[in-house]
Amino acid sequence: MSIIAIKTVEDYEKIIGANEVAVLLFSADWADQCKQVGDAMEDLGKMFGDKLRFGKIIAEDFPEISMKHLIEAVPTVIFFKKGTAVDRIDGVNIAALTTKCKNLGATVTSDIPLEERLKTLINKAPLMIFMKGGRDAPRCGFSKQLIAIITETGFPYETFDILTDEEVRQGLKTYSDWPTYPQVYVKGELVGGLDIIKELQANNELEKTLRGE
């Protein structure tokens, strides 16, 4: 489930008053940190979409709502239960966001075997990258280098931020017998990490490999 963009006061009232727990990001287009939190929420929405509702509101566009919730800086995430604010996160704290979503939403993935979840994620796109952070905001040097190389090829790809899900982070290491991140998968098969990608690039074999040939 994608993040719902709050355009009117009615949108705001509808999302926070829903039966599901609402996770509302107070954001600003000019703040890079808001994009980082928004990317994490997109991933969390795919995991907990039938238990939680995720929304984003531009704080400066709704001063009365921002004042009501004591928004002093962005990003700020507030959790609502049937219209009442029950918790909040000020600033960037992806680990806390993930934990609170799991606790408040009674995670929908708990009954799904981990191996099945991993297979689904790995096959989400023909070219899938598991990394720290997202494509627009890598959170480690290795992930940043790898994204730069893959992006330069022009191949479309999807990413998954392993910092948003500790179960996936640990489970994928065992599942693929590859202990480090980032990890690159083509058509559901592990290619490897940054060193392998650099080696393929040096040997002019990278594009062929990314096509799955």
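## Salt bridges

Let's start with charged side chains that meet. In this predicted model, the count of salt bridges comes to 7. One of them joins D39 and K35, whose side chains meet with N and O 3.0 Å apart. Why can these two reach each other along the chain? D39 and K35 both belong to helix α2 and sit 4 residues apart, so about one helical turn separates them. D39 is partly exposed, with a relative accessible area of 23%, and K35 is also partly exposed, at 38%. The pair belongs to a wider group, too: K35, D39 and D136 are linked in a network of salt bridges.

Helix α2 holds another pair. K46 forms a salt bridge with D43, and their closest N and O atoms are 3.9 Å apart. Here the spacing is 3 residues, which again puts about one helical turn between K46 and D43. Is D43 buried or exposed? With a relative accessible area of 8%, D43 is buried, because the cut-off for that word is under 20%.

## A bridge between a strand and a helix

Now look at D87 and K100, whose side chains meet in a salt bridge with an N to O distance of 2.8 Å. D87 lies in strand β5 (residues 84-90) and K100 in helix α4 (residues 94-105), so this salt bridge ties together parts that are 13 residues apart in sequence. You can check both partners for accessibility: D87 counts as partly exposed at 28%, and K100 is partly exposed at 23%.

## One face of helix α5

Next, find helix α5, which covers residues 114-122. Which of its residues are buried? They are R117, L118, L121 and I122. If you look down the axis of α5, these buried residues fall within an arc of 130°, so they line one face of the helix.

Several elements help to cover those buried residues. Among them are the helices α2 (32-48) and α7 (166-176). The strands β6 (127-131), β9 (158-161) and β10 (183-186) are also part of the cover.

## The sheet and the helix across it

Three of those strand names come up again in an open sheet of 4 strands, where the order is β9-β6-β10-β11 and the pairing is mixed. Which strands form the edges? They are β9 and β11 (189-192), each of which pairs on one side only. From one strand to the next, the twist averages 30°.

Take a look at how β6 and β9 are joined. These two strands run parallel, and 4 bridges connect them. As an example, M131 has D161 in β9 as its bridge partner. Helix α7 lies across β6, β9, β10 and β11, and it runs at about 60° to β10.

## How far to trust the model

How confident was the predictor? The mean pLDDT of the protein chain is 90, and 95% of its residues reach 70 or more. One stretch to notice is residues 107-111, where the pLDDT is below 50. Beyond near neighbours in sequence, this stretch has 9 contacts in the model. Where pLDDT is low, predicted coordinates should not be read in detail.

Notes:
Residues are numbered from 1 along each chain as its sequence is written. This is a predicted model: local features need pLDDT of at least 70, side-chain atom pairs count only at pLDDT 80 or more; totals for chains, interfaces and linings use all residues. Side-chain values use heavy atoms; hydrogens and water are left out. Buried means under 20% relative accessible area, exposed over 50%, partly exposed in between (1.4 Å probe, protein chains only). The arc is that of the directions from the helix axis to the C-beta atoms. Contact means heavy atoms within 4.5 Å. Two strands pair if DSSP finds at least two bridges between them. Axes are lines fitted to C-alpha atoms, for helices over the stretch in contact, and angles run from 0 to 180 degrees between N-to-C directions. pLDDT is the predictor's confidence in each residue, from 0 to 100. A salt bridge is a side-chain nitrogen of Lys or Arg within 4 Å of a carboxyl oxygen of Asp or Glu.
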